[in-house]
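Here are a few notes to read with the model open beside you. I have grouped them by region so you can follow along.

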Amino acid sequence: MKSKPIAKFSKIRVAVVTDWMATPGGSDRLMEQLLKLFPQAAIFTSYYNRKAYQGTFAENYEVKTSFIQKMPFVRSLHRHYNVFTPLAFESFDFTGYDLVISLSAGAAKGVITKVDQPHISIILTPQRSLWDQESNVRGSRFRFFYKLASPFIANYMRSWDIAAFQRADLHLSISKYIADKVRKVYRADSEVLYPGIDECWFGNEMRRPNQYLPKSYFLVVSRLYDYKRIDWAIEACKKARKNLLIVGDGPDRRYLEKKAGNSKFINFLGWVDDLELKYLYKNAKALIFPGVEDFGYTPIEAMALGTPQVALREGGVKETVVEGKTGEFFESQEELCEKLAKFSKLKYNEKEIVRNAKRFSESQFQKNFIKYLNQLKLYAEEK
């Protein structure tokens, strides 16, 4: 059962803007938490894969899309239409809305609002392909084209991105790690607003997946993109001879399956529902978190079930995992292998892990967000 919001602003007309809605992910969880506060909100995005969001919160809201929605083969090529996203978001009309909230790891923060329309920009990350040299096209058939064209496209996009950042009235970063990146890239300060997980993750209801599960296993839960570094987990588990279950899908899956080869230790489960995922979290030796994440929902979800982490010592996870108490850190693929070979779940206190996860609950996120609304004197909380 999903948790209820701590308050509702039902009289406020809100536009929530996100980069795209191709497959459900972390940004959608944050958007759902906001929409619970604003039940009359509408969603604006460059591209919406309605089929992928069947049965999710999105079906209860009006989703408005840009001209990119009508471009050829958009379902498979939407990521390659990135160069058109500045124009797409600048073309949205927000007439009639009292507040605009953008959730952006790309161009969504560049919407144009009227003088009397407050714009709160929640920065998920400065766009990786522009500022981190991460194109995430390892699994794409167009990867060689991108190597040639990316430098020219990126120069234009960086200039636009810096200008677009200035348009918001308030900037919120989802972690201190992202606030530091914002300061570096945009030469600007931002407030930190940690996302949260639904209260249901702290409950005991769960269901065993109807798939093969080894008695003892490590777990990865992630969309399969190259920057997630799932290949590190695969290689480490093969070398340490430890079972690894991989939950998730994405454009890098074929590459990762080749990397796994015929190893009996590696199993791809695809996507599972939340009740099955809770079971997998609860019974895993640990969650492996090898990528550099801006915040990282999956470590919080796993900790809500009392499961420790083995995480890369970089990114937002350094702010949520307490070394020695809720998990361990590694700094290289070789060190990850060593950690897995020696890892013991018995040395961790399950209750302490759960207690740490509660610092990042959905209700705590909503309370903090309302403080920013009131701090800016935009709206008083409705009773």
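1. A strand here is a DSSP run of type E with at least two residues, numbered from the N terminus. Please keep in mind that this is a predicted model. With that in hand, look for S102, which belongs to strand β4, spanning residues 99–104. Is S102 buried or exposed? S102 has a relative accessible area of 0%, and because buried means under 20%, S102 counts as buried.

2. What does the side chain of S102 meet? The side chain of H119 forms a polar contact of 2.8 Å with that of S102. H119 also appears among the residues in contact with S102 once neighbours within four places in sequence are set aside; the others are V17, A108, K109, I120, S121 and I122.

3. Next, turn to a pair of helices. Helix α7 (residues 230–240) packs with helix α11 (residues 333–342) at an angle of about 50°, and their axes are 9 Å apart. The two helices are therefore oblique to each other, and the crossing of α7 with α11 is right-handed.

4. Which residues make that contact? From α7 come W232, A233, E235, A236, C237, K239 and A240, and they meet Q333, L336, C337, L340 and A341 of α11. Sorted by class, the contact comprises nine nonpolar, one polar and two charged residues.

5. Helix α7 is largely enclosed by the rest of the structure, because eight of its 11 residues are buried. The buried residues of α7 are I230, D231, W232, A233, I234, A236, C237 and A240.

6. Both sides of α7 deserve a look at the backbone. Just after α7, R241 has a positive phi of about 60°. In the loop between β8 and α7 sits R229, which is not a glycine and yet has a positive phi of about 60°. R229 is partly exposed, at a relative accessible area of 26%. For context, most residues other than glycine have a negative phi.

7. F73 is another non-glycine residue with a positive phi, here about 50°. F73 lies in the loop between β3 (62–65) and α2 (74–77). With a relative accessible area of 65%, F73 is exposed.

8. Last comes helix α9, residues 274–283, whose buried residues are E276, L277, K278, L280 and Y281. These buried residues pack against the strands β8 (218–221), β9 (244–247), β10 (266–270) and β11 (287–289), and against helix α10 (297–304). At the N-terminal end of α9, D273 acts as a cap, with a side-chain oxygen 3.2 Å from the backbone nitrogen of L275.

How values were computed. Residues numbered from 1 in each chain as written. Predicted model: local features only at pLDDT ≥ 70, side-chain atom pairs only at ≥ 80, totals over all residues. Heavy atoms only, no water. Helix = DSSP H or I, 4+ residues; strand = E, 2+ residues; numbered from the N terminus. Buried < 20%, exposed > 50% of the residue type's maximum accessible area, 1.4 Å probe, protein only. Polar contact = N/O pair within 3.5 Å; in protein donor to acceptor, adjacent residues only side chain to side chain. Contact = heavy atoms within 4.5 Å. Axes fitted to C-alpha atoms, helices over the stretch in contact; angles between N-to-C directions. Parallel < 35°, antiparallel > 145°, perpendicular 65-115°, else oblique. Left-handed = near helix turned anticlockwise from the far one by under 90°. Nonpolar A, V, L, I, M, F, W, Y, C, P; charged D, E, K, R; others polar.
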